[in-house]
Amino acid sequence: MPLRVTFDTNVLDLACRPERFPKDPRQPLMKKVHDALASGQLEGFYSVTMLTIEGIMRQDRVTCSPAPRL
């Protein structure tokens, strides 16, 4: 049974295509993750909701104020 892993957008592309990032210090590790995905040892997922939220352009996001101190 494969290990199920949820990826965030910070590493999704690195895990799927590590060869595109030869200068990234995480590349050797991401190559191992990629190989585990390809062999079926890992089953990868990502949240569509997360992609929707991250797709909102910065200028369209609400600015949040820090919480008041009590």
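Biologist: What pattern does the protein chain follow, read along the sequence?
Modeller: Bear in mind that this is a predicted model. The secondary structure comes to three helices and two strands. Put in sequence order, they give the pattern β-α-α-β-α.

Biologist: Which helix has the lowest confidence in the protein chain?
Modeller: For the chain as a whole the mean pLDDT is 85, and 89% of its residues reach 70 or more. Confidence is highest in α2, with a mean of 94. At the other end, with a mean of 71, sits helix α3, residues 48–54.

Biologist: Okay, on to the inside. How many residues make up the largest nonpolar core?
Modeller: In soluble globular proteins, nonpolar side chains tend to be buried together. Here the largest such core takes in Phe 7, Leu 14, Ala 15, Met 30, Val 33, Ala 36 and Leu 42. Count them up and you get seven.

Biologist: And which helix gives the most to this core?
Modeller: Two helices supply at least two residues each, namely α1 (12–16) and α2 (27–39). With three residues, the top contributor is α2.

Biologist: How far apart are the end C-alpha atoms of α2?
Modeller: Helix α2 has 13 residues, and at 1.5 Å a residue it should span 18 Å. The model agrees with that expectation, since the end C-alpha atoms are 18 Å apart.

Biologist: Which elements are included in what covers the buried residues of α2?
Modeller: The residues to cover are Gln 27, Met 30, Val 33 and Ala 36, which are buried in α2. Their cover includes a helix and both a strand before it and one later on: α1, β1 (3–7) and β2 (42–46).

Biologist: Gln 27 caught my eye. Which backbone oxygen does its side chain reach?
Modeller: Gln 27 lies in helix α2 and is buried there. Beyond residues up to four places away in sequence, Gln 27 touches Pro 18, Glu 19, Phe 21 and Pro 22. One of these takes the polar contact: at 3.1 Å, the side chain of Gln 27 reaches the backbone oxygen of Pro 18.

Biologist: What about the other end, just after α2: which residue takes a positive phi?
Modeller: Helix α2 covers residues 27–39. Just after it, the phi is about 90°, and the residue is Gly 40.

Biologist: Is Asp 24 buried or exposed?
Modeller: Asp 24 sits in the loop between α1 and α2. Its side chain reaches the backbone nitrogen of Arg 26 at 2.7 Å, and Asp 24 is also in contact with Leu 14. Its relative accessible area is 18%, and the cut-off is under 20%, so Asp 24 counts as buried.

Biologist: What else does Leu 14 contact, leaving aside its neighbours within four places in sequence?
Modeller: Leu 14 belongs to the largest nonpolar core, and so does Met 30. Those two are in contact with each other. Together with Asp 24, the full set for Leu 14 is Phe 21, Arg 26 and Met 30.

Biologist: Where is Asp 8 found, and which backbone nitrogen does its side chain reach?
Modeller: Asp 8 is in the loop between β1 and α1, and it is partly exposed, with a relative accessible area of 31%. Its C-alpha atom is separated by 8.8 Å from that of Phe 45, 37 residues apart along the chain. The side chain makes a polar contact at 3.0 Å, with the backbone nitrogen of Asn 10.

Biologist: And Asp 13: which residues is it in contact with, leaving aside neighbours within four places in sequence?
Modeller: Asp 13 is in helix α1 and is partly exposed, at a relative accessible area of 27%. The C-alpha atoms of Asp 13 and Met 30 are separated by 9.5 Å, with their positions 17 residues apart along the chain. The contacts of Asp 13 are Pro 18, Arg 20 and Phe 21.

Biologist: Last one: what share of the 70 residues is buried?
Modeller: The protein chain exposes about 6100 Å², with 59% of that supplied by carbon and sulfur atoms. As for the buried residues, they make up 14%.

Methods
Residues numbered from 1 in each chain as written. Predicted model: local features only at pLDDT ≥ 70, side-chain atom pairs only at ≥ 80, totals over all residues. Heavy atoms only, no water. Helix = DSSP H or I, 4+ residues; strand = E, 2+ residues; numbered from the N terminus. Buried < 20%, exposed > 50% of the residue type's maximum accessible area, 1.4 Å probe, protein only. Areas by Shrake-Rupley, 256 points an atom, 1.4 Å probe, with all protein chains shown as cover. Core = buried A, V, L, I, M, F, W, Y, C linked by side-chain atoms within 4.5 Å. Contact = heavy atoms within 4.5 Å. Polar contact = N/O pair within 3.5 Å; in protein donor to acceptor, adjacent residues only side chain to side chain. Expected span 1.5 Å × (residues − 1). pLDDT = per-residue confidence, 0-100.
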